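Colleague: Could we zoom in on a single part of this one and take it slowly? I'd like to hear about the pockets and whatever sits around them.

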Amino acid sequence: MSAQEVITQLKSFATAERKKQNEYYFKTGAGQYSEFDQFIGVRTPQIRLIAKQYYRHINFNEIDKLINHAVHEIRYCGLIILVYQYQAGDQEAVFDYYLKNLNAVNNWDLVDYSTPHIIGNYLFNHQDKLSLLYDWTKSADLWERRIAIVASIAFIKQGEFTPTLKISKMLLNDQEDLIHKAVGWMLREIYKKDNAICTIFLKENYAQLPRTTLRYAIERMQENERQRYLKGEL
């Protein structure tokens with residue numbers, strides 16, 4: 001199976017209307033985080049359908065052409081293919097390949113869909129490599145920092161909160177809104193599992209919490225408690 005066959009299928013679903021919507025949604029304006037990204041206008045369910053159809057029949061050499069493509073939806077399809085291949089059982093090979101091509105995971109949806117399934121799952125089962133997350137937390141690259149925090153959801157799902165809390169603490173002074181949102185999202189996931197642990201973290205670090213992080217983290221609280229956090233009445 002060739003990358004070109006996948007690309008041809010994707011292009012057959014592209015529409016001008018969806019292209020315009022994607023460009024607006026992913027902020028492709030001057031100075032915005034997707035300024036240099038390209039879109040053709042394919043919906044996510046269609047991308048996943050194509051990935052599911054082809055993942056068993058395509059090798060890494062052809063996936064290279066997908067995940068390094070200039071078009072966002074094509075990169076996304078390549079990463080979904082990798083997730084399916086990982087889940088099919090070839091975990092170490094897919095993990096190693098993903099690491100070598102981390103630069104292809106360069107937008108928030110690409111991070112959020114692929115990272116938990118590949119990086120998060122693998123590191124949960126191979127915790128001798130956990131330092132990778134902490135290294136990425138200190139990266140100058142926005143997407144590597146987001147990979148670090150979002151991958152930790154695999155640990156949260158198993159009731160292990162230490163990696164997420166450590167990374168969250170390290171990222172409290174990050175300047176990027178996409179990191180503020182990701183940290184708040186992960187804290188909210190902890191709250192759903194153990195609200196006491198989450199509230200302790202919020203109280204201890206309240207003075208440093210970006211407002212966006214706080215709002216995301218407290219979404220599951222009762223309204224009266226949520227208002228107290230918003231007002232700083234702790």
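Modeller: I'll start with the pockets and then follow the helices outward from there.

Some housekeeping first: this is a predicted model, where local features need pLDDT of at least 70 and side-chain atom pairs count only at pLDDT 80 or more, while totals for chains, interfaces and linings use all residues. Residues are numbered from 1 along each chain as its sequence is written, and side-chain values use heavy atoms, with hydrogens and water left out.

Let's begin with the largest pocket, which holds about 380 Å³ of space. (A pocket is an open set of points on a 1 Å grid over the protein atoms alone, where a 1.4 Å probe fits, with protein on both sides within 12 Å along at least five of seven lines; its volume is the space filled by probe spheres set on the points, which are joined across faces, edges and corners.) Its lining has 15 residues (those with an atom within 4 Å of a point), and if you want to find the middle on your screen, look for Y33, W108, R146, L178 and K181, which lie nearest the centre. Four helices (DSSP runs of H or I, at least four residues, numbered from the N terminus) each give at least two residues to this lining: α2 (16-25), α7 (108-125), α9 (142-151) and α12. Of the helices, α12 gives the most, with 5 residues. As for chemistry, the lining of the largest pocket has 9 nonpolar residues, 6 charged ones and no polar ones. (Nonpolar covers Ala, Val, Leu, Ile, Met, Phe, Trp, Tyr, Cys and Pro; charged covers Asp, Glu, Lys and Arg; the others, Gly among them, are polar.)

Now hop over to the second largest pocket, with about 220 Å³ of space. It is lined by 16 residues, and Y25, F26, T44, Y76 and D109 are the closest to its centre. Here the helices that each supply at least two residues are α2, α3 (44-54), α5 (72-87) and α7. This time α7 has the largest share, at 4 residues. The mix in this lining is 8 nonpolar, 3 polar and 5 charged. So that you don't lose the thread: α2 and α7 turn up on the list for the largest pocket and again on the list for the second largest.

Since α2 came up twice, let's look at that helix. α2 is hardly covered: among its 10 residues, the count of buried ones is 1. (Buried means under 20% relative accessible area, exposed over 50%, and partly exposed in between, with a 1.4 Å probe and protein chains only.) After α2 comes K27, with a positive phi near 55°. Most residues other than glycine have a negative phi, and K27 is not a glycine, yet its phi is positive. K27 sits in the loop between α2 and α3, and it counts as partly exposed because its relative accessibility is 38%.

Back to α12, the top contributor to the largest pocket. This helix runs over residues 177-193, and E189 is found in it. E189 has a relative accessible area of 16%, so it is buried. Leaving out neighbours within four places in sequence, E189 is in contact (heavy atoms within 4.5 Å) with I153 and I156. By contrast, E17 is 172 residues from E189 along the chain, and their C-alpha atoms are 34 Å apart.

Helix α12 also helps cover another helix, α11: what lies over the buried residues of α11 includes α8 (131-137), α9, α10 (153-157), α12 and α13 (195-204). Those buried residues are P163, T164, L165, I167 and S168. Take S168, in α11 (residues 162-170): it counts as buried because its relative accessibility is 0%. Setting aside residues up to four places away, S168 touches I149, V183, L187 and F201.

Two last stops. In α13 you'll find I200, which is partly exposed because its relative accessibility is 48%. Remember Y76, by the centre of the second largest pocket? Y76 and I200 are 124 residues apart in sequence and 37 Å apart in space, C-alpha to C-alpha. Finally, Q158 lies in the loop between α10 and α11, and at 52% relative accessibility it counts as exposed. The C-alpha atoms of Q158 and K193 are 9.6 Å apart, with their positions 35 residues apart along the chain.
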